[in-house]
Amino acid sequence: MSIVYNQEEKFFNLHTQNTTYQMGINQYGYLLHNYYGRRIADVSMDQLLDLNDRGFSGNPHQAGRDRNFSLDTAALEYTGCGIGDYRISSCEAVNADGSTAVDLQYVGYNIYKGKQGIPGMPAAYDNGGESETLEIMLEDPCTGLRAILCYSVFENMDMITRSVRFENHGDGTIRLERALSACLDMQPGSWDLIHFHGRHCMERQPERLRQPHGITRISSKRGSSSHQHNPFVIMASPETVEAYGDCYGMMLVYSGDYAAEIEMDQMNHTRLVMGINPDTFSWKLDKGQSFDTPEVIMGFTHEGLNALSQMYHRFIRNNICRGKYKNIHRPVLVNNWEGTYFNFTHEKLEAIASEAQKLGIEMFVLDDGWFGKRDDDYSGLGDWKVNEAKVRLTELVQTVNSMGMKFGLWIEPEMVNEDSDLYREHPDWVLKIPGRNPSRARYQLVLDFSRREVVDYVYEQIASVLSSCNIEYVKWDMNRSLADTWSAALPADRQGEVRHRFVLGVYRFAERLISDFPHILLEGCSGGGGRFDAGMLYYAPQIWCSDDTDAEERVLIQYGTSFGYPASTMGSHVSAVPNHQTGRISTMDLRGAVAMSGMLGYELDLTKLKSAEKAKVRQQIREYKKYAELVMNGDYYRLTDPVKDSDYCAWAFVSENRKKCLFYLVNLHTRANAPLINVRFRGLKPDANYKIQREKRIYSGAALMYGGYTFPAFAGDGQVVQMYLEETKSGTAR
Ligand code: DGJ
């Protein structure tokens, strides 16, 4: 059993294979956090609690003369507010009488096998017999606000998911002003925060800082999870590196505004909370109503950052991503965006498709510009009718299919141009505040997806195109952040709900799409990786990683992304040189190696390739297909840190049985008289022998991992070493 309640000592142990999470109920009815770390026996860890009389840290009334228990210093499982805990809180509310206190006291618990979903929202799922769930009821005795803390333990994955359901069991209306998904009072000690910041065209760059006293906040108020800060944070002990050390991950399964806050308090205790961004949220709970928070995925390992990443990779592949393409080979595609932008004709598309077919490409994707009056980004968004003057879609799909390739299409459902029939008919369907002109971004406004009729209308338009011909892939884009939030469909006292309802609208659209068209591979996108999160991955098993297609920059982007997300989720394309974002000329080998380390595609005008380049494309696709299973489902190893040493980067995919390994070393900047590069492999079996393809010598796993492999000096930037290793029983290893 992975969840155990110790009746006598009143504590819950949540065990996974290698970790234990423990909470206890104290004599005053509060749920305390005792421990989260390496697996321990069913013993209470309450000796870790700081129960001491501290000046200016008061005591709850029911503690009577006990000055040692303070909500301000104890490790708490999920906190209320306004009653003497001065640290960041998990939830806040305005009660019917105008007071702002929430006092969450233990009421009871429930344990069951399996895991439930969260209504209308993405959440990790159980494939059968993988999980056990604990629900703990906390309630404010004064207002009747109940918080049901849900923990699902995936024992073999070493992962725990958490969410909270709020219910109003009182008589009056309660307005939630903060309703976070999780709170984690960390083990004593210093903690480094690792988070993933960025910008359009440079997403998810790792940054590591020692948590100081006070509060650090990572968040988004853009209506999407954002290019700027990804909803995934790691707390690591200071000595933790890739291959060893204690580290915790917290990842939000959500695609809208969020916040992760970390506070080190007066006693050096560290608290981490995560959930919907309270700055842009409030939710009215009338008597009898409930509210569900999104879920977080928590993981712990003492084996370092790479092991933590691999835990998330496995969990996302197995328990978040769904559908036909969950873990099978995704078709190698060509996307016309950087090849033509809006400037294409039917014939031009056919020409690219025909070239694609000759090169072994498996799918043709038609990007922006196929609908309405959409010859640039000024107009057309919202009018999901094929522009037959530009492209005869059904005919093109047939042509592509007859070439033996699949066909894919771009959409951007949540957006509208003012110059569109949709906006002219329904000007009140956009987010805008009465009396104010809404801000434009890329000349577009945001449709009010908090309204079901808007979501359903756009869905019907798009679904009718998708059913009109054999479309087997959809790229769902979102090219601006939300602003001017106000919905014509909600009263003034519910306007704080619009942004979360918007996200629910996005999920409604996505769920309809994948259930009506289960054969479609959905790829997420938001100006590249602006909505790269576990929430979208529940619907779209891959996401366009970045609009920056420069291979060198992509090394950094994919490196940062890999901390939380597997290669199977990263859409990655070979594009033309000079690169359209940086002007850099990278070798075809480098562009190929980087794109082949994600879900491979091409994004350039194939008709302009020289014959040597075409030969390379053919070779890349052949190789990729050979190794696709390893890239999709293998364990990913970051072998060097390109942020610290930007001259080169090495990574590898190792099969679960550790018999196969695909290794890449890319040389980004060659130096004169440079020191040789030595890379130590990881994840191999030390006592097994490996044959490196195209090399005569056989190496033991131990030699490759403990001694490493030293590479000859490179001549010229952008050189790639791709090595495929397989365990061998024959020959003698050095
Ligand atoms: C932004 C995307 O990231 C690009 O790949 C492309 O689809 C454009 N939008 C189209 O407008």
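Reader: In β17, which residue is the bridge partner of D185?

Author: This is a predicted model, where local features need pLDDT of at least 70, side-chain atom pairs count only at pLDDT 80 or more, and totals for chains, interfaces and linings use all residues. Residues are numbered from 1 along each chain as its sequence is written, and side-chain values use heavy atoms, with hydrogens and water left out. Strands here are DSSP runs of E, at least two residues long, numbered from the N terminus, and two of them pair if DSSP finds at least two bridges between them. β10 and β17 (residues 270–276) run antiparallel with 5 bridges, and in β17 the partner of D185 is R271.

Reader: Okay, and which residue in β18 stands opposite I174?

Author: β18 covers residues 283–285 and pairs with β10 in the antiparallel sense, over 3 bridges. Opposite I174 you'll find L285.

Reader: What about A93, which residue is its bridge partner in β10?

Author: Look at β5, residues 91–94, which runs antiparallel to β10 and is joined to it by 4 bridges. The β10 partner of A93 is L176.

Reader: Is β10 mostly covered or uncovered?

Author: Buried means under 20% relative accessible area (1.4 Å probe, protein chains only). In β10, residues 174–185, 10 of the 12 residues are buried, so by that cut-off the strand is mostly covered.

Reader: How much of the whole protein is buried?

Author: Let's zoom out. The protein has 38 strands, and its C-alpha atoms fill a box of roughly 85 × 75 × 45 Å along the principal axes. Of its 734 residues, the buried share is 63%.

How values were computed. Buried means under 20% relative accessible area, exposed over 50%, partly exposed in between (1.4 Å probe, protein chains only).
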